[in-house]
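Student: I would like a close look at one part of this model, starting from a single side chain and working outward. Please keep to what can be computed from the atoms or read from a record.

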Amino acid sequence: MSIQMIGIDHTRASIDVRTVFSFTKKAIGETLEKWKERPDIAGCIILSTCNRMEIWVSSVEEDVDLYEMLCQEKQIDPDTYRDYLICRREGEAVHHLFELSCGLQSRILGEDQIITQVKDALTMARDQYATDNVLEVLFRMAVTAAKKVKTEVVLSDANSSAIHKAVQELKDQGYVFEGKNCMVIGNGEMGKLSANVFRGQGASVTVTVRQYRSGVVQIPEGCARIDYGKRLELLPECDYVVSATSSPNYTLTCEAVENLHLNHDVVMIDLAVPRDIEVCTGDLKHVTLYDIDYFKADHTSEQVKENIKKAEGILDVQMHEFFDWYEGRDIIEQVQVIKKQATEDFHLRIQKQVKELMRTAREEAPQEVEQIDRLQEYVEAAAGKVINKMIFGMKSRLSDQTFRECIEAMGDVFQK
């Protein structure tokens, strides 16, 4: 059994290259459906965001050519993009996922969305019955570690997202938002966040919604709504346009915007991968176009470096717990049998005393019978935890071979 991943991200490729390898939710479902049937794959998870795409597999065989599989899925020449992707295995892959989940690999250090994105990737794999026990535990423990880092270490302020970074950089350039008109194309997670951020800056915000959903979709409080099909009618009145959809097609093309004959400056912010706004739109008169790759964060301050070290220390402990489980998962069933047998042995040894207590209680204090029952359950549960602690305490202090020999010996003892 082997853990493998292949990925591409903002540090290795531009938006246009990342677009080649991006997956829509529908495409993720279809790909997982196919790949889970492969005999060499036990589990598979696909993570696809604006900044990265990663494929994770738990493989039956040690050498699964993920790059070849990916190129076949995307119908591209394997020789064209090989240098843009990176493959990781086992410990290197695990370390990457734990850092990724808490935002240490993000464009905006410590940004909050990545935890949700990792959880969503796991959920989608579950929905397709494509994950397995190894990837399930790995992703859950990575998310747990990320939450612990978020709780104990300040990697960023509360405004840690691409749109917060975009607004701050625009303010630094002298742009103002108070009293301005903003249209947000898209009402997903990033669209809603963008609408709230611009509202917080004093702008008047209108959010587009698809006509077939407009009766049920909730938009951020204080924002107006228009049908997506009327976005070009509203655009000439806007000072800012943010597009953040998961559409495979452009929401704004160069030709459509050019035909509007804008007579004032409009700042457009494209937060999507694939792109929502055609690149040549930025060459039009009165249009300034920014994409998600424009907004970068500075991670160089000494305080930030110190906080990163603290986060890495937390991750090291959490990863150690995963490896303890991963390396010993083949004997987990055996450990559970020993735990069950030892608890049953304990139960039998205290039955005489419990029966005597119950007899006395029925005669002298009937109201205590139920309490004695509960006490017995608590004691047996506690015994199980003590046995568990003892077994895994041995694992951390003994060599793997010695530990396995001890487990076998304990199994023999309780089977007699």
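Tutor: Start with a polar contact: in this predicted model, a polar atom of the Thr 208 side chain lies 3.1 Å from the backbone nitrogen of Gly 186. Thr 208 belongs to strand β6, residues 204-209. With a relative accessibility of 3%, Thr 208 is classed as buried, because the cut-off for that class is under 20%. Beyond its neighbours within four places in sequence, Thr 208 touches a run of residues from Met 183 through Val 184, Ile 185 and Gly 186 to Asn 187. Its other contacts on that count are Ile 226, Tyr 228 and Arg 231.

The strand that holds Thr 208 is part of an open sheet of six, with parallel pairing and the order β7-β6-β5-β8-β9-β10. The edges are taken by β7 (224-227) and β10 (287-291); each has a single partner strand, so one side of each has no neighbour in the sheet. From one strand to the next, the twist averages 20°. As for what holds such an arrangement together, strands of a sheet pair through backbone hydrogen bonds, in either a parallel or an antiparallel manner. Further along the order, β5 (residues 181-185) and β8 (residues 240-243) run parallel and are joined by four bridges. In that pairing, Cys 182 is placed opposite Tyr 240 of β8.

A helix packs on this sheet. Helix α8, residues 162-172, lies across β8, β9 (266-270) and β10, and runs at about 150° to β9. The buried residues of α8 are Ala 162, Ile 163, His 164, Ala 166, Val 167, Glu 169 and Leu 170. Their cover includes the strands β8, β9 and β10, along with helix α9 (189-200). Just after α8, Gly 174 has a positive phi of about 105°.

Cysteines are worth a check. A search of the whole structure gives zero disulfides. Cys 254 has its closest cysteine sulfur in Cys 280, at 3.2 Å; that is too far for a bond, because the cut-off is 2.5 Å. Cys 254 is buried, at 12% relative accessibility. For Cys 44, the closest cysteine sulfur is that of Cys 87, 13 Å away, which is also too far for a bond. Cys 44 is buried as well, with a relative accessibility of 0%.

Last, the record. An unreviewed UniProt entry places the feature "binding site" at Thr 49, Cys 50, Asn 51, Arg 52, Ser 106, Glu 111, Asp 112, Gln 113 and Gln 117. Two of these positions can be described further. Asp 112 sits in the loop that connects α5 (90-101) with α6 (113-127), and at 43% relative accessibility it is partly exposed. Gln 117 is in helix α6 and is also partly exposed, at 23% relative accessible area. Once neighbours within four places in sequence are set aside, Gln 117 is in contact with Leu 47 and Thr 49. Thr 49 is itself among the positions given in the UniProt entry.

How values were computed
Residues numbered from 1 in each chain as written. Predicted model: local features only at pLDDT ≥ 70, side-chain atom pairs only at ≥ 80, totals over all residues. Heavy atoms only, no water. Pairing = 2+ DSSP bridges. Helix = DSSP H or I, 4+ residues; strand = E, 2+ residues; numbered from the N terminus. Axes fitted to C-alpha atoms, helices over the stretch in contact; angles between N-to-C directions. Contact = heavy atoms within 4.5 Å. UniProt positions renumbered as here; feature names shortened; annotations may be inferred. Buried < 20%, exposed > 50% of the residue type's maximum accessible area, 1.4 Å probe, protein only. Polar contact = N/O pair within 3.5 Å; in protein donor to acceptor, adjacent residues only side chain to side chain.
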